[in-house]
Amino acid sequence: MTSQTITAAASGTWKLGDRTVNRIGFGAMRLPQHGEAFAADAVPRDRDQAIGVLRRAVELGVNHIDTAEFYFSPLRSANELINQALAPYPDDLVITTKVGPGRAPSGKWLPHATPGQLRGQVEENLRRLGRDHLDVVNLRIVGTDSIAERFGALAELREAGLIRHLGLSNVRPHHLVEAESIAPVVCVQNMYGLGASREQRDFLRICGEQHIAFVPFYSIAGTGRTAGATTGHSPEVHAVARAHGMSAAQIRLAWTLHQGPHVLAIPGTGDLDHLAQNVAVGSLRLSEEELAVLDPLHHKTA
């Protein structure tokens, strides 16, 4: 079986609220441009290429797409690309978006939205995606302050029918406790991958115990973050990759998926070959011996 014929179904499934998704999804952050996301000199991606990647992702069984209204470059908006490529949307497709951060048309970052501004961000996501409701909305934050007012504002929009499910992004465990006292939380989206901190590892475990989806970002990029995949792979990662005839990036992604059945990956790309490689990772089963080689790389970080 070639990577081109492996579908996202090979990764298994998990539920986001009442919606079942394959554990390999797609992140739209890199779709609007070439190179680093949010760069001031970003070169817009060819529209047909971006649309082709989105349609191929769905053909390969991807039914969980992560996006945000602030994912855009000059001339390209991730939400508009998703709308153009996939509407009318398949019944099983779950689109997750984020609110909180905002960018001016120039690309300049704005202060995070106040509780009163969140409705406008939700409505803008609805407009560009061409939806009458959003499947999942994550409140993305920076810092450790209380999220009660902001999450409460989203809970009101959920009650009004504009949002189906709520999640959190870039948060700490105490934020999850605070949010759950207001409304159900179906997912936590945080940075995670080989080398994650002890606090990050504990949070992933807590989510699993509560049957909350954990959605790691930068699991391939690592310290490269918005710039893309890291090139600083250890010899151990390269050795496991050679044994499977896969890339080091694929092994990093596979290891992340092995951290629990509640882990949902959202690797992003604007390249059809990379898309197929990412989806193919869902079929890879690392042995106990291979995990024993890779896990110490993870646990070196306190």
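Q: Let's start with strand pairing: which residue of E9 stands opposite His64?
A: As a general idea, the strands of a sheet pair through backbone hydrogen bonds, in either a parallel or an antiparallel sense. Here, in what is a predicted model, His64 stands opposite Val94 in E9. The two strands involved, E6 and E9, pair in the parallel sense over 3 bridges.

Q: What does E9 do on to E12, and over how many bridges?
A: E9 and E12 pair too, again in the parallel sense, over 4 bridges. To find the place by eye, look for Val99, which stands opposite Leu139 in E12. You can then carry on to E13: E12 (residues 134-140) and E13 (residues 163-169) pair in the parallel sense over 6 bridges, and Arg140 stands opposite Ser169 in E13.

Q: In what order do the strands of the open sheet run?
A: The order is E3-E6-E9-E12-E13-E14-E15, which makes 7 strands in an open sheet with parallel pairing. Strand E3 (26-27) and strand E15 (213-217) are at the edges with a single partner strand each, so one side of each has no neighbour in the sheet.

Q: How should I read the two faces of a strand, and which residues of E9 lie on each side?
A: In a regular strand, side chains alternate between the two faces of the sheet. For E9, one side carries Val94, Thr96 and Lys98 and the other carries Ile95, Thr97 and Val99, all of them buried. With 6 of its 6 residues buried, E9 is therefore largely enclosed by the rest of the structure.

Q: Which residues have the most contacts inside the largest nonpolar core?
A: The general idea is that nonpolar side chains of soluble globular proteins tend to be buried together. In this model the largest core has 81 residues, and Phe26, Ile82, Val122, Phe151, Leu154 and Leu168 have the most contacts inside it. Helix H8 (residues 248-257) supplies the largest share of this core, 6 residues. There is also a second, separate core of 11 residues, among them Val94, Val186, Leu264 and Ile266.

Q: What is Ile82 in contact with, beyond its neighbours within four places in sequence?
A: Its partners are Ala28, Leu54, Ile65, Thr67, Ala87, Tyr89, Ile95 and Leu129.

Q: Which backbone features deserve a second look, and where is the cis peptide bond?
A: Keep in mind that most residues other than glycine have a negative phi, and most peptide bonds are trans. Here a cis bond joins Ala87 and Pro88, with omega about -5°. Pro88 lies in the loop between helix H2 (78-86) and strand E9 (94-99). As for phi, Asn170 has a positive value of about 60°; it is in the loop between E13 and helix H5 (173-180) and is partly exposed. Tyr218 has a positive phi near 60° as well, but Tyr218 counts as buried at 18% relative accessibility.

Q: How many aromatic pairs are there?
A: The count is 8. One of them joins Phe38 and Tyr71, a tilted pair with 6.1 Å centre to centre and 40° between the planes. Phe38 is in the loop between E4 and E5 and Tyr71 in the loop between E6 and E7, so the pair ties together parts 33 residues apart in sequence. Ring pairs link Phe38, Phe70, Tyr71 and Trp109 into a cluster.

Q: Over which rings does the charged end of Arg103 sit?
A: Arg103 has its charged end over the ring of Phe72, 4.1 Å from its centre, and over the ring of Trp109, 5.5 Å from its centre.

Technical notes:
Residues are numbered from 1 along each chain as its sequence is written. This is a predicted model: local features need pLDDT of at least 70, side-chain atom pairs count only at pLDDT 80 or more; totals for chains, interfaces and linings use all residues. Side-chain values use heavy atoms; hydrogens and water are left out. Two strands pair if DSSP finds at least two bridges between them. A nonpolar core is a set of buried Ala, Val, Leu, Ile, Met, Phe, Trp, Tyr and Cys residues joined through side-chain atoms within 4.5 Å. Buried means under 20% relative accessible area, exposed over 50%, partly exposed in between (1.4 Å probe, protein chains only). Contact means heavy atoms within 4.5 Å. Rings of Phe, Tyr and Trp (its six-membered ring) pair if their centres lie within 6.5 Å; planes under 30 degrees apart count as stacked, over 60 as edge-to-face and the rest as tilted. A charge sits over a ring if NZ of Lys or CZ of Arg is within 6 Å of the ring centre and within 35 degrees of the ring normal.
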